[in-house]
Amino acid sequence: MTPPSTTPREQTPAASAFDDLHIRHAAALARQAYLLTGRPALARRAVERGFQLAWQRWPAVAVDPDPAGWVRAAVYEYALTPWHRLVPWLRTAGKPQRLPGAVPAADRALLEAVLDLPAVHRRTLLLHDGVGLGLDETAAETEASAAAAAGRLTQARRRVAARLPELVPAGRPTVEQDWPGEVLRPRLAGLMAKEAGVVADQEAAPAAAARRARAGGECSARRTTRAALALTGLFALLTLFVGIAAPDHYAPPHDRRPGTTKSPAVTAREARLTPEAR
């Protein structure tokens, strides 16, 4: 369903609620998407796409128990979609791009370690230890069981600790289930807070950015509707063409086995013979 359009003179309650959601969460989501991808442009594009999709489905998003979580899931899905691997400038960066020079080397190393994780482990780690979701919430958002989410989280922590052994608290030779709560969570939260300059487009003029997201969502909905109508028309034309070209009756194939109906050539030859010759 296409959401109601708005004009500069009058803004509907739905548009006001959407704009408020965008203003409160877009910048934070852009920073999270940057942690997922290492690419500022892709992070901004993922946030834009997530909010456009939310506006297209606003009647459902508005009554969702966690509208911000709905948008976050859409942003993460777009940022980590597998088809991005086919496009070089949309792939997850091996090293973070456009990281401000003021970021300490330790934070830079942490971001590189996170980007080195498999996508599903990266998402699980960011949701649990970065955003602060519980294990059950993380499992639900990643569409996994609690056991699978716990396994991914443990593997992600171990890989980060293997690259950054200084994160492991002293006296703990192995990675425990709780050690990131002491070290990794505040480090990830601090890293996201320091990345405001990388995704500055989401920080400036938030009200205008929200209006652009609504306009983009409506435009995308119109394109989708036109494409669906075009495909429906094409299917109807193909169906009509097949109906015209197909024969109007069934002609069974001739069986030329012995003792069965004679072929047309044999029948014609016998018709030319006299009764005596037969």
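**A walk through an all-helix model**

Of the contacts in the protein between residues at least 6 apart in sequence, 69% join residues at least 24 apart. The model in which these contacts appear is a predicted one, and its pLDDT averages 76, with 59% of the residues scoring at least 70. One stretch that calls for caution is residues 5–9, where pLDDT stays under 50 and for which the model has 6 contacts beyond four places in sequence.

The secondary structure comes to 12 helices and 0 strands, so that, read from the N terminus on, the elements run α-α-α-α-α-α-α-α-α-α-α-α. Buried residues make up 38% of the 278 residues in the protein, while the accessible surface comes to about 15800 Å², of which 60% belongs to carbon and sulfur atoms.

A place to begin with the packing is helix 2, which spans residues 40–56 and contains G50. With a relative accessibility of 2%, G50 counts as buried, because the cut-off for a buried residue is under 20% relative accessible area. Leaving aside residues up to four places away in sequence, G50 touches W70, V71, A74 and V75. The C-alpha atom of G50 is also 9.1 Å from that of A213, although the two residues are 163 residues apart in sequence.

Further along the chain comes helix 5, residues 105–115, whose buried residues are D107, L110, L111, E112, A113, V114 and L115. Against which helices do the buried residues of helix 5 pack? Their partners are helix 1 (13–37), helix 6, helix 8 (146–163) and helix 10.

Two of these partners, helix 6 and helix 10, also pack against each other. Helix 6 covers residues 119–131 and helix 10 covers residues 184–193, and they meet at an angle of about 95°, with their axes 8 Å apart. Helix 6 is therefore roughly perpendicular to helix 10, since angles of 65 to 115 degrees fall in that class. On the side of helix 6 the contact is made by L125, L126, H128, D129 and G130, and on the side of helix 10 by L184, R185, L188 and M192. Sorted by class, the residues in this contact are 5 nonpolar, 2 polar and 2 charged.

Helix 6 holds another residue worth following, H121. Is H121 buried or exposed? At 17% relative accessibility, H121 counts as buried, and, residues up to four places away in sequence not being counted, H121 touches R152, Q155 and A156.

The loops that follow helix 6 offer a contrast in setting. G132 lies in the loop between helix 6 and helix 7 (135–141), and with a relative accessible area of 52% G132 is exposed. The C-alpha atoms of G132 and R185 are separated by 7.8 Å, the two residues being 53 residues apart along the chain; R185 has already appeared among the residues of helix 10 that make the contact with helix 6.

In the loop between helix 7 and helix 8 lies E143, which has a positive phi of about 55° although it is not a glycine. At 70% relative accessibility, E143 counts as exposed, because its value is over the 50% cut-off for that class.

Methods. Residues numbered from 1 in each chain as written. Predicted model: local features only at pLDDT ≥ 70, side-chain atom pairs only at ≥ 80, totals over all residues. Heavy atoms only, no water. Axes fitted to C-alpha atoms, helices over the stretch in contact; angles between N-to-C directions. Helix = DSSP H or I, 4+ residues; strand = E, 2+ residues; numbered from the N terminus. Parallel < 35°, antiparallel > 145°, perpendicular 65-115°, else oblique. Contact = heavy atoms within 4.5 Å. Nonpolar A, V, L, I, M, F, W, Y, C, P; charged D, E, K, R; others polar. pLDDT = per-residue confidence, 0-100. Buried < 20%, exposed > 50% of the residue type's maximum accessible area, 1.4 Å probe, protein only. Areas by Shrake-Rupley, 256 points an atom, 1.4 Å probe, with all protein chains shown as cover.
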